[in-house]
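Please open the model in your viewer and keep the sequence panel beside it. The tour below goes from one selection to the next and says what is found at each stop.

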Amino acid sequence: MNAFLTLSKVQLQALLASLRVGGSRKKASSGWAALALICVLCLYVSGACCFGLAGQLAQAGQLDLLFLLIPAMAALAGLMFTLFAVQGLIFEGRDADFLLSMPVPARSVLLSKLTALYVENLVFCLFFLLPAGGAWLWYSGDGPAFVLRLLVGTAFLALLPTVLSLACGWLLSWFASRFSHKVLFSLLLYALMIAGVFFLAVQINLSISGLTAEALGMELEQVFTGWGLPFQLFQQGVCGNWGTLALFCLSALVPALIAAGLLAGSYQRVLTGLHTHSSRASYQVGHLNAASRRTALLKKEAARYFGTPIYLLNTGIGLIPLVVGGGAAAFMGGRLLEPLAEAGMSEMPLTPLLALVITCLLSTVSITGSSISLEGRNLWILKEAPVSARDLLAAKAGFQLLLTVPCLLIAVLGFAWGFRLGLAHGGILLLLGLAYAAFTALLGLAVNLTFPKLDAINDMVVVKQSAAALVSVAGGMAAIVVLAGLYWLASSLAGTLAGMAACVLALLAGCAALLAWFRFRGVARFLEL
């Protein structure tokens, strides 16, 4: 028991360390600050949804629907966030050999990792459900019994995404270890799972949009039929039925115990089976192609990017809507203007709205925010290579632009044609997108140099939980807020095009400042790593 508690504490500390800002191990409190930021984001998303619906639902006597929607949102958020974590944390962690070599049972190692995973999901569920609980107390006037039911239900609700992510992570690891093209197969499985989650979220959104509060209950019951039975039990139990709450807790606990029991007895054999590959020597005689140093560096970045599924999907997901949206707008042509006119939006300035969409999507494409940290223990190879540090950094930023610019061109050309923007507005939209793409590429690289994570136990920690990855995306979003204020000020004085031009100039000034930082400090910082 003592070994299990110690290992669980270590795993939880490792999760916090992955969020730590800066390189000093003594500054573990910054990991708590990053965790607090995640909690605030959960509260914001859930609060915006809860308090927007609670008043209407309370008037119709359907307030309990909050505890059908919000738990589903919490479980989906936990699944999306921990789906990639399971494969690296439990089945492919770099610390597995060290932990299993210690004089503790393998089941204790597994259960400690599962405990850390459960705590992470519990944070999501708790801070998603707090606004719903506050809305219920405000409108219903219920007492301490409800708070107790909500806390008990939330503790068992976190088991659902934990078990689902564990099963998905095991499937991904098993299939990837059995196929020669495991990277391609992992990408396909990741894409299918993410598409399934998004499809379910879209179906729920389409089902409840435009409905009255009275009809919402009937529609949600149909949407949650079958697969949503645990959430229906949660709703009925938290809203007053102790027997149903006990049934929900049992339905969540039993699968978790079965999954833990199946893995606990054979965890070491499972890891051995997943990491055992049959191999044979294959020698081929051929010509070795030569390339310039910059081309070789770009090919290396491409191999790393497309060979790491979690890296590609986590940082490239924003490029897909750009291409799809631009292609759809080009296909529909001028027909997009008709629904805008019917909705009374024909007089609105479309160019800044499209610029907002494009920059929000590009803010998620923070490839450079993790590129240096992913080098890990092999960073010395780059530093010893016969290329300058400036060329190495330029290749990392250039690779992000090589991926972003073609997608951006498709989006801008499609939007310009579909919304009939004209040459001037289409041109300024393209310039703004290019300037923002260059700014975010340089910003992510500067942030990663400032907050490197070279000792991560797996790639998932770098891409999804490291301080550099989080700050890079947050910095890009903060830049959008600043640009929006600048546009509002300039456009009110000189019009839409002047406002857009002011944003372009501000982004170019930001790029110039970052380039100056790389020249005087960035290169030296890279050599210090």
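Begin by selecting helix α11, which spans residues 242–264 and holds I258. This is a predicted model, so please read each stop with that in mind.

Is I258 buried or exposed, or does it lie in between? Its relative accessibility is 48%, and because buried means under 20% and exposed over 50%, I258 counts as partly exposed. Now add L247, L250, V254 and L262 to the selection, and you will have, together with I258, a nonpolar patch on the surface with about 480 Å² of accessible area.

For a contrasting stop, select L110, which lies in helix α5, residues 106–140. With a relative accessible area of 0%, L110 is buried. Which residues is L110 in contact with, once its neighbours within four places in sequence are left aside? They are I90, A260, L263, A264 and Y267. If you then pick Q268, you can check a distance in the viewer: its C-alpha lies 9.2 Å from that of L110, although the two residues are 158 residues apart in sequence.

Next, turn to the largest nonpolar core, which has 68 residues, and select I358, L362, L393, L429 and F518, the members that touch the most other members. Helix α21 contributes the largest share of this core, with 14 residues. Staying with I358, and not counting residues up to four places away in sequence, you will find that it touches L322, L408, V412, F415 and L429. A second core, separate from this one and made up of 38 residues, includes L68, A135, L160 and A256.

Now show the whole protein, whose secondary structure comes to 24 helices and 0 strands. Of its 529 residues, 47% are buried, and the protein exposes about 25,900 Å², with carbon and sulfur atoms supplying 70% of that area. Among contacts with a separation of 6 or more, 82% are between residues 24 or more positions apart.

Finally, colour the model by pLDDT, which averages 78 over the protein, with 75% of the residues scoring at least 70. Among the elements, helix α21 (residues 423–450) has the highest mean pLDDT, 91, whereas helix α9 (residues 213–223) has the lowest, 57. As a last selection, take residues 21–29, where the pLDDT is below 50 and where the model shows 8 contacts beyond near neighbours in sequence.

Methods:
Residues are numbered from 1 along each chain as its sequence is written. This is a predicted model: local features need pLDDT of at least 70, side-chain atom pairs count only at pLDDT 80 or more; totals for chains, interfaces and linings use all residues. Side-chain values use heavy atoms; hydrogens and water are left out. Helices (H or I, at least four residues) and strands (E, at least two) are DSSP runs, numbered from the N terminus. Buried means under 20% relative accessible area, exposed over 50%, partly exposed in between (1.4 Å probe, protein chains only). Contact means heavy atoms within 4.5 Å. pLDDT is the predictor's confidence in each residue, from 0 to 100. Accessible areas come from the Shrake-Rupley method with a 1.4 Å probe; for residues, only the protein chains shown count as cover. Patches are made of residues with over 30% relative accessible area and no salt bridge: like charges are joined within 9 Å, nonpolar side chains (Val, Leu, Ile, Met, Phe, Trp, Tyr) within 5 Å. A salt bridge is a side-chain nitrogen of Lys or Arg within 4 Å of a carboxyl oxygen of Asp or Glu. A nonpolar core is a set of buried Ala, Val, Leu, Ile, Met, Phe, Trp, Tyr and Cys residues joined through side-chain atoms within 4.5 Å.
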